[in-house]
Amino acid sequence: MNQLIAPYGGTLVNLIDPAKSAALKQEALSLPSLDLDWRQQCELEMLLTGAYSPLTGFMTRTQCERVETDSQLDDGTFWPLPVTLASKQKAAADLKSGDRVALRDGEGFMLAILTVSDAWETGGIRHLGGAIEGVALPPHPDFAGLRATPAELRALFVRRGWRRVVAWQARQPMHRAQFEFCLKSAIENEANLLLHPQVGGDITEAPAYFGLVRSFLAIRERFPAATTQLSLLPAPPREGSARALLLRAIIARNYGCSLLISGGEHQSDGDCRRGEDLIHTHADLPVTELAGKIGVRFIAYPRMVYVEDRAEHLPEPEAPAGARLLTLSGEEFQRRMQTGLKIPDWYSFPEVIAELHRQSPPRERQGFTVFFTGLSGAGKSTLARALAARLMEMGGRCVTLLDGDIVRRHLSSELGFTKAHRDINVRRIGFVASEITKNRGIAICAPIAPYRQTRRDVRSMIEAVGGFIEIHVATPIETCESRDRKGLYAKARAGLIPEFTGVSDPYEVPEKPELAIDTTGLGIDEAVQQILLKLEHEGYLR
């Protein structure tokens, strides 16, 4: 190969025309707007920069159906997955074919204009398809020097005289086995290496990618500087499927890479848990054959083992007979990281582990939320206050009590007690708790939180940044009514209080709480001790 591989479809798409930006911004002032979340911004950025070449916009319903059934674009070009703009916003529901809408980030920054050519609903979500006219890329205040568009990387490769490039598109940190395999793959294929970690994320909602990038900055120093390039790929997260891998191959080609290392990351599910899985023909997708049509060759990451006698990682079939082989599963690695146990030197580099510990320390140094839920009068507030006091006695951590009455007074004073307002109140508690947890503090929450889906959403929000312990205060309603000092249950049964949990509105019992406590006949100290023992068992306290 004497020149860099051409973009997929022959031409690298660029949807931003600086000469039109001023006019588009002016037009956008009179258009309806959609505010994009960070995942949607990632998808838009991939379109704007040509990473999804030859696409020039979001797909219509007909185009999506053709991709799903025949894996083809309108001109017959192979394409593995639909790319649409999906939105639950009210503004999206009013859009129809022919409308133009401004696409903005959460701060109102103008990114592009979409000319809607199709709009349809599935499962309460509005999908929009149509051509994109770009104004600017989503702003990135982080790692600005590591972000290169396909055109910029291609120009860099040409200046350096690179003709054959192998890509490593990672969503997880690189350890010794991946390091050795990437280096060996580049050498054996006489190729240069692009370290291209996928960092679709948000500094408030999904900040874990900061640790990922810092780990790559640390390991980059171990690669040959003249033949290795580190750049960030703003791709939205996708499931580990064969179709997603083929889309990654298209992306790799558009960035100038003719080879792609597939696999090499721990995945507990999905169609392609290892790169070797690609050699199998899927029910509807001959993966290796289609990769050839894309023009990118997969280098399948095998099951690697550490051969102690030779002090190197090798594919398991190449390991000498009788040699001592060492492995460490992804689950065991995570367990050791969470509990602060030593990671073997043969598994990873110390500078990588140090960065990962900075981003996600052992559980005893992580922030966490204790989320009490139960009927009015169950004992949530009493337990929450007693637990907060015990944790403050221990010291060493900042503890914040978010009791239902406290939050109602200071954070949700304008809300009533309808289902919608109770949901808003609990989600506000969850957001505040997630911020406390993210900053290594302890949040103790004690709302009624009667609805299962709302509790699930709060759990997801908090588990993205730290620990979450749900405690169902499972005191029977009879006991709760007998404790009712304010007479709320009596008023509810008399019809004086509408939508009262447990009487005229349901309480959905937690499915799998970390702990369930019935305070009937149970002393406060004994109940708090159960909670502390649970926190110790989970590793959050020592």
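Start by selecting strands 12, 13 and 14: these three make an open sheet in the order 13-12-14, with antiparallel pairing (strands pair if DSSP finds at least two bridges between them; strands are DSSP E runs of at least two residues and helices H or I runs of at least four, numbered from the N terminus). Strand 13 (312-315) and strand 14 (325-326) are the edges, each pairing on one side only. You're in a predicted model, where local features need pLDDT of at least 70, side-chain atom pairs count only at pLDDT 80 or more, and totals for chains, interfaces and linings use all residues. Residues are numbered from 1 along each chain as its sequence is written, and side-chain values use heavy atoms, with hydrogens and water left out.

Zoom in on strand 12 (residues 304-307), which pairs with strand 13 in the antiparallel sense over four bridges. Pick Y306 and you'll find H313 of strand 13 opposite.

Next, select helix 9 (residues 287-294). V287, L290, A291 and I294 are buried here (under 20% relative accessible area; exposed is over 50%, partly exposed in between, with a 1.4 Å probe and protein chains only). Look down the axis: the buried residues fall within an arc of 105°, so they line one face of helix 9 (the arc is that of directions from the helix axis to the C-beta atoms). They pack against helix 8 (242-254) and strand 11 (297-300), with contact meaning heavy atoms within 4.5 Å. Swing to the other side for E289, G292 and K293, which are exposed. Just after the helix comes G295, with a positive phi near 100°.

Last stop: L415, in the loop between helix 13 (404-410) and helix 14 (419-438). L415 is buried, at 11% relative accessible area.
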